[in-house]
Amino acid sequence: MDTATFSIDPQLTQTSYPLVALSVSDLRLVDDSRWPWILVIPRVPHTVELIDLSPELRNQVRQEIDHVSRVLRDQFAPDKLNVAALGNQVRQLHIHVIARYRDDAAWPKPVWGVGDALPYESDALNSRLSGLRQALI
């Protein structure tokens with residue numbers, strides 16, 4: 001896998017924090033404390049859709065999405081996990097894995113466009129990043 005020209009879209013880096021690098025993807029925590037929300041970003045330059053990946057790489061990305069999903073389920077006991085690759089605002093392939101609850105601000109609708117993001121406070125951010133890093137590696 002050629003990652004020499006890979007970089008993460010600035011819009012994603014401005015709205016999330018680095019977590020860990022898995023074998024083929026970088027993981028980032030979205031800066032919205034209303035939901036445990038992780039981005040899975042395959043380190044493949046110029047990729048827009050999952051179908052742009054080779055079957056082998058696509059399978060690895062799916063395994064990493066599965067891993068992230070299990071960690072969110074185990075850490076946060078959500079009522080539902082939302083997993084989506086939209087790309088309507090940021091074309092770079094990135095997959096959202098979001099822990100959802102029946103009493104959250106957007107339920108039962110998608111989280112996009114519901115209120116304003118509630119950025120993490122410093123202590124909560126450090127705690128969330130530390131806990132997730134330990135669980136994800």
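Leaving aside its neighbours within four places in sequence, with which residues is Arg58 in contact? In this predicted model, Arg58 touches Leu50, Ile51 and Leu53 once those sequence neighbours are set aside. The report begins with the helix that holds this residue and then turns to a strand against which that helix packs.

**Helix α2**

Arg58 belongs to helix α2, which covers residues 55–76. The helix contains 22 residues, and the distance from its first C-alpha to its last is 31 Å, close to the 32 Å expected at 1.5 Å a residue. Seen down the axis of α2, the buried residues fall within an arc of 160°, so they line one face of the helix. These buried residues are Leu57, Arg58, Val61, Glu64, Ile65, Val68, Ser69, Val71, Leu72 and Phe76. On the other side of the helix, Pro55, Glu56 and Asp74 are exposed.

The presence of Arg58 among the buried residues of α2 invites a further question. How far away is the nearest side chain of opposite charge? That side chain belongs to Glu56, and it is 7.8 Å away from Arg58. A salt bridge requires a side-chain nitrogen of Lys or Arg within 4 Å of a carboxyl oxygen of Asp or Glu. Arg58 is buried yet has no salt bridge.

The buried residues of α2 pack against the strands β2, β3, β4 (80–84) and β5, and also against helix α3 (122–136). After α2 comes Ala77, whose phi is positive, near 45°.

**Strand β3**

Among the elements that α2 packs against is β3. Six of the six residues of this strand (residues 37–42) are buried, so β3 is largely enclosed by the rest of the structure. Both of its faces are covered: Trp37, Leu39 and Ile41 are buried on one side, and Ile38, Val40 and Pro42 are buried on the other.

Strand β3 is joined by bridges to β2 and to β5. The table sets out these two pairings.

| Partner of β3 | Residues of partner | Bridges | Direction |
|---|---|---|---|
| β2 | residues 25–30 | five bridges | antiparallel |
| β5 | residues 95–100 | four bridges | antiparallel |

Particular residues can be located in each pairing. In the pairing with β2, Ile38 of β3 stands opposite Leu29. In the pairing with β5, Leu39 stands opposite His96. Strands β2 and β3 also form a hairpin, with six residues between them.

**Summary**

In α2, the buried residues line one face of the helix, whereas in β3 both faces are covered. Arg58 is one of the buried residues of α2, and it has no salt bridge.

Notes. Residues numbered from 1 in each chain as written. Predicted model: local features only at pLDDT ≥ 70, side-chain atom pairs only at ≥ 80, totals over all residues. Heavy atoms only, no water. Buried < 20%, exposed > 50% of the residue type's maximum accessible area, 1.4 Å probe, protein only. Helix = DSSP H or I, 4+ residues; strand = E, 2+ residues; numbered from the N terminus. Pairing = 2+ DSSP bridges. Lys, Arg positive; Asp, Glu negative; His and termini not counted. Contact = heavy atoms within 4.5 Å. Expected span 1.5 Å × (residues − 1). Arc of directions from axis to C-beta.
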